[in-house]
Amino acid sequence: MLEIRFHGHSSVQLTSEGHSIMIDPFISGNPLAKTTLADIRVQYILLTHGHQDHILDAVELAKANDATIVATHELATYLGWQGVKTVSMNLGGSVTLPFGKVKMTQAFHSSGVVLDDQQQIVYMGMPGGFVIELGGKTIYHAGDTGLFGDMKLIGERHNIDLAFLPIGDVFTMGPEDAAIAAEWLGADYVVPIHYDTFPPIKQDGEAFVATLAEKDIRGKALKPGEILRLP
């Protein structure tokens, strides 16, 4: 059994067989979040890239849980300097962890930490996505990305049970491109992410799911705090 708890934006918690991992924790800064960091128990934290709406709570959550952060080398190094355990990896690479295997895929986006007080942007390596093997399931989290042709290859190389795809537009692909991505990936189930958090990325998640249904693709627009279970 795989339990998926959606925490809003791109924050997804996956739990199976006593293992729990969090992807892109953005709770304290999310006005739509329904939980608090104190309520979350995880052993690993996976970060797709270095923007604040994906890493804001990573260090605090890692320290509270003695959890390990998995990220690109630059981002892992930056966060490791803040006193947390890290595993460095990069695009195309994979690591085997106690819960299963993680492979980092490409994403077309950017990645950096903005230091407003210093008017500087710190480079955080290339952005990515993850193919995760957990509890007998294969999960793809695309991270922040536009549509790209190698999503077809990702779908061919992996039998994806569940895909998390951004639909917010403006900073990532929008619903139309995300629907194409869902087709190319061939995932059994699709959950939209990275939308509604802020006015520029307002989208209709239910309409996106309806579009998927027209293509015979199953999907669900999860609300923050909602749980989905896959047997």
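**Exercise 1. Two strands side by side**

Which residue in β5 does Ile45 stand opposite?

*Solution.* The structure to be read here is a predicted model, and the solution starts from its sheet. An open sheet of 7 strands has the order β6-β5-β4-β3-β2-β1-β16, with mixed pairing. The next step is to look at the pair β4 and β5, which run in the parallel sense and are joined over 3 bridges. Within β5, the residue opposite Ile45 is Ile69. As a reminder, strands of a sheet pair through backbone hydrogen bonds, either parallel or antiparallel.

**Exercise 2. The edges of this sheet and the helices on it**

Find the strands at the edges of the sheet that holds β4 and β5, and describe how α2 and α3 lie on its strands.

*Solution.* Reading the strand order from end to end, one begins with β6 and finishes with β16. These two, β6 (85-89) and β16 (227-230), each have a single partner strand, so one side of each is left without a neighbour in the sheet. From one strand to the next, the twist averages 20°. Helix α2 packs on the sheet and touches β3, β4 and β5, and its direction makes about 165° with that of β4. Helix α3, in turn, lies across β5 and β6 and runs at about 140° to β5.

**Exercise 3. The two sides of a helix**

Sort residues of α2 into buried and exposed ones, and explain how the buried ones are arranged around the helix axis.

*Solution.* First, collect the buried residues of α2 (residues 58-65), which are Ala58, Val59, Leu61, Ala62 and Asn65. They cover an arc of only 165° around the axis, and therefore they lie on the same side of α2. A general rule helps here: an α-helix has 3.6 residues a turn, so residues three or four places apart point the same way. Second, turn to the opposite face, which carries the exposed residues Glu60, Lys63 and Ala64. Third, ask what covers the buried side: its residues pack against β3 (19-23), β4 (44-46), α1 (52-55), β5 (68-72) and α3 (73-80). Finally, the residue that follows α2 is Asp66, and its phi is positive, near 50°.

Now repeat the reasoning for α6 (residues 205-214), where Gly205, Phe208, Val209 and Leu212 are buried. Their arc around the axis is only 100°, which puts them on the same side of α6. Among the elements that cover them are α5 (175-185), β14 (189-193) and β15 (218-219).

**Exercise 4. A hairpin and its sheet**

Describe how β7 is joined to β8, and place both strands in their sheet.

*Solution.* A hairpin of 2 residues links β7 to β8. The two strands pair in the antiparallel sense over 4 bridges, and Thr96 of β7 has Lys101 opposite in β8. In a regular strand the side chains alternate between the two faces of the sheet. In β7 (residues 94-97), Val95 and Leu97 form the covered face, while Ser94 and Thr96 form the uncovered one. Both strands belong to an open sheet of 7 strands with the order β7-β8-β11-β12-β13-β14-β15 and mixed pairing. Its edge strands are β7 and β15, each of which pairs on one side only. Inside this sheet, β11 (residues 128-134) and β12 (residues 137-141) run antiparallel and are joined by 5 bridges, with Tyr140 as the bridge partner of Val131. Helix α5 packs on the sheet, where it touches β12, β13 and β14, and its direction makes about 155° with that of β13.

**Exercise 5. Cores and single residues**

Is His158 buried or exposed, and is Glu176 buried or exposed?

*Solution.* The cut-offs needed are under 20% relative accessible area for buried and over 50% for exposed. His158, in the loop between α4 (151-157) and β13 (162-166), has 16% relative accessibility and therefore counts as buried. Glu176, which lies in helix α5, has a relative accessible area of 57% and is exposed.

To finish, consider the nonpolar cores. The largest has 28 residues, and those with the most contacts inside it are Ile4, Leu14, Val102, Ile132 and Phe164. A second, separate core has 24 residues, including Ala178 and Tyr195.

Notes:
Residues are numbered from 1 along each chain as its sequence is written. This is a predicted model: local features need pLDDT of at least 70, side-chain atom pairs count only at pLDDT 80 or more; totals for chains, interfaces and linings use all residues. Side-chain values use heavy atoms; hydrogens and water are left out. A nonpolar core is a set of buried Ala, Val, Leu, Ile, Met, Phe, Trp, Tyr and Cys residues joined through side-chain atoms within 4.5 Å. Buried means under 20% relative accessible area, exposed over 50%, partly exposed in between (1.4 Å probe, protein chains only). The arc is that of the directions from the helix axis to the C-beta atoms. Contact means heavy atoms within 4.5 Å. Two strands pair if DSSP finds at least two bridges between them. Axes are lines fitted to C-alpha atoms, for helices over the stretch in contact, and angles run from 0 to 180 degrees between N-to-C directions.
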